[in-house]
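Work through the exercises below with the sequence and the coordinates open. Each task is followed by a solution in steps.

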Amino acid sequence: MTVLDDRALNRATLARQHLLERADATPLEVVSRVAGLQAQEPQEPFVGLWSRTRAFRPAALDELLTGREVVRTHLMRRTVHLVTAADALAWRGRHDAMLRQRVLATYRDDLRGIDTEALRAAAAAVLADGRPRTMAELVEPLRDRWPEPPRRALGELLVAALIPMAQLPPRGLWQQRAGVSNLPLATWLGRDVAPPDPDETDPVGRALLLRYLAAHGPATSSDLRAWCGLAGLPAAVRAARGDLVTFRDTRGRELLDLPTAPRPDPDTPAPVRFLPAFDNAVLGYRDRGRIIDEAHLGLSVAGERVVLVDGRVSATWRVHEQGVTVAPLRPLTRSEDRAVREEGGALTAFLGTAGTEVRIAELP
């Protein structure tokens with residue numbers, strides 16, 4: 001069986017994430033191709049799409065959000081993702097049990113013994129008027145019946161688990177600050193969320209597997225679980241095996257993949273790319289060794305924005321008034337320094353900072 005090392009896996013990930021070459025595609029197509037963008041930080045998807053899409057305009061994503069073609073919703077790993085409306089409706093039911101379990105585990109003592117179906121029904125009655133609500137506005141009418149659990153625990157259970165919700169604009173629009181206003185996905189999109197499928201072959205899970213591999217493969221089944229947070233996908237993997245090819249990594253683990261998906265030559269040049277916080281090109285795996293060194297793994301969950309140099313996390317970046325500051329994690333060669341400055345300058349123009357300065361900090 002063919003063995004793929006980290007560099008080969010790196011180039012496959014970059015190709016599928018449109019980080020080897022920006023896509024000549026619409027933002028809607030790119031959001032779909034990468035199986036969603038992590039979006040708990042509302043402005044981060046704009047940088048993620050700019051790094052992946054040729055001639056990306058922030059207004060194009062604003063139009064998708066206000067036009068209800070993409071939505072912000074709790075989904076994979078109980079984190080807020082930006083996904084297409086079609087994917088939100090198709091995938092949300094398959095994530096339902098995981099979302100409940102994670103909220104109930106987080107607030108185990110506060111929510112012990114709570115009747116989740118009664119709570120869901122009561123909240124649905126409050127939302128029946130079709131008016132968007134903050135978490136506090138949703139919880140307040142329920143306090144007489146559930147006075148003991150903390151408001152935060154009840155609210156999280158409702159908006160992140162029991163009722164499939166969309167976080168409405170203006171939250172998530174370009175350079176706007178807005179709180180979270182929630183409305184059921186079915187109300188916002190005018191279509192019902194697909195119910196969980198009782199088919200033992202798990203067709204929705206199989207669809208998730210294929211979409212994940214198209215965006216992140218080759219990958220192990222544990223990588224798939226780390227990406228979506230779902231434990232119950234063995235049936236989906238079994239059902240899809242006849243349509244997949246397999247490889248091994250250097251540790252002997254089985255890698256699953258789509259037969260015709262891109263697997264570029266490991267020596268393919270990789271351009272500098274600036275990634276937003278929590279980008280799924282980094283977070284989409286249990287073993288992130290293909291893209292980030294073990295010594296820097298903490299950056300991937302700490303909300304640091306990172307710079308890819310030769311395809312790997314090699315620096316962090318932040319915005320300052322006159323541009324961006326890049327903090328290398330390793331020494332940069334002269335050519336790498338020039339490439340970082342060039343791409344950083346393009347980023348400042350996109351962000352609209354007061355200047356186009358790219359500062360490269362000294363290594364500590």
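**Exercise 1. Surface and overall shape**

How much area does the protein expose, and what percentage of it do carbon and sulfur atoms supply?

Solution. The model is predicted, so local features need pLDDT of at least 70 and side-chain atom pairs count only at pLDDT 80 or more, while totals for chains, interfaces and linings use all residues. Residues are numbered from 1 along each chain as its sequence is written, and side-chain values use heavy atoms, with hydrogens and water left out.

Step 1. The exposed area is about 16000 Å², and carbon and sulfur atoms supply 50% of it; accessible areas come from the Shrake-Rupley method with a 1.4 Å probe, and for residues only the protein chains shown count as cover.

Step 2. Of the 364 residues, 54% are buried (buried is under 20% relative accessible area, exposed over 50%, partly exposed in between, with a 1.4 Å probe and protein chains only).

Step 3. The secondary structure consists of 14 helices and 13 strands (DSSP runs numbered from the N terminus: helices are H or I of at least four residues, strands are E of at least two). The radius of gyration is 21 Å, close to the 21 Å from the globule rule for 364 residues, so the protein is as compact as a globular protein of that length (the radius is taken over C-alpha atoms; the rule is 2.2 Å times the number of residues to the power 0.38).

Step 4. The C-alpha trace spans about 65 × 55 × 35 Å along its principal axes. Among contacts between residues at least 6 apart in sequence, 64% join residues at least 24 apart (contact means heavy atoms within 4.5 Å).

**Exercise 2. The five-stranded sheet**

Give the strand order of the open sheet of five strands, then place helix H14 relative to the sheet.

Solution. Step 1. The order is E9-E10-E11-E12-E13, with mixed pairing (two strands pair if DSSP finds at least two bridges between them). Strands E9 (273-275) and E13 (357-360) are the edges, each pairing on one side only. From one strand to the next the twist averages 30° (axes are lines fitted to C-alpha atoms, for helices over the stretch in contact; angles run from 0 to 180 degrees between N-to-C directions).

Step 2. E11 (residues 312-320) pairs with E12 (residues 323-328) in the antiparallel sense over six bridges. Alanine 315 is opposite proline 328 of E12.

Step 3. Helix H14 (residues 334-351) lies across E9, E10 (305-309), E11, E12 and E13, at about 140° to E13.

**Exercise 3. Rings around phenylalanine 350**

Classify the aromatic pairs that phenylalanine 350 forms with tryptophan 50 and with phenylalanine 56.

Solution. Step 1. The structure holds eight aromatic pairs (rings of Phe, Tyr and Trp, the last by its six-membered ring, pair if their centres lie within 6.5 Å; planes under 30 degrees apart are stacked, over 60 edge-to-face, the rest tilted). For tryptophan 50 and phenylalanine 350 the centres are 5.6 Å apart and the planes at 20°, so this pair is stacked. Tryptophan 50 in helix H3 (residues 44-50) and phenylalanine 350 in helix H14 are 300 residues apart.

Step 2. Tryptophan 50 is buried at 9% relative accessible area, and phenylalanine 350 is buried at 13%. Phenylalanine 56 and phenylalanine 350 form a tilted pair, 6.0 Å centre to centre with 40° between the planes.

Step 3. Phe46, Trp50, Phe56, Trp174 and Phe350 form one aromatic cluster.
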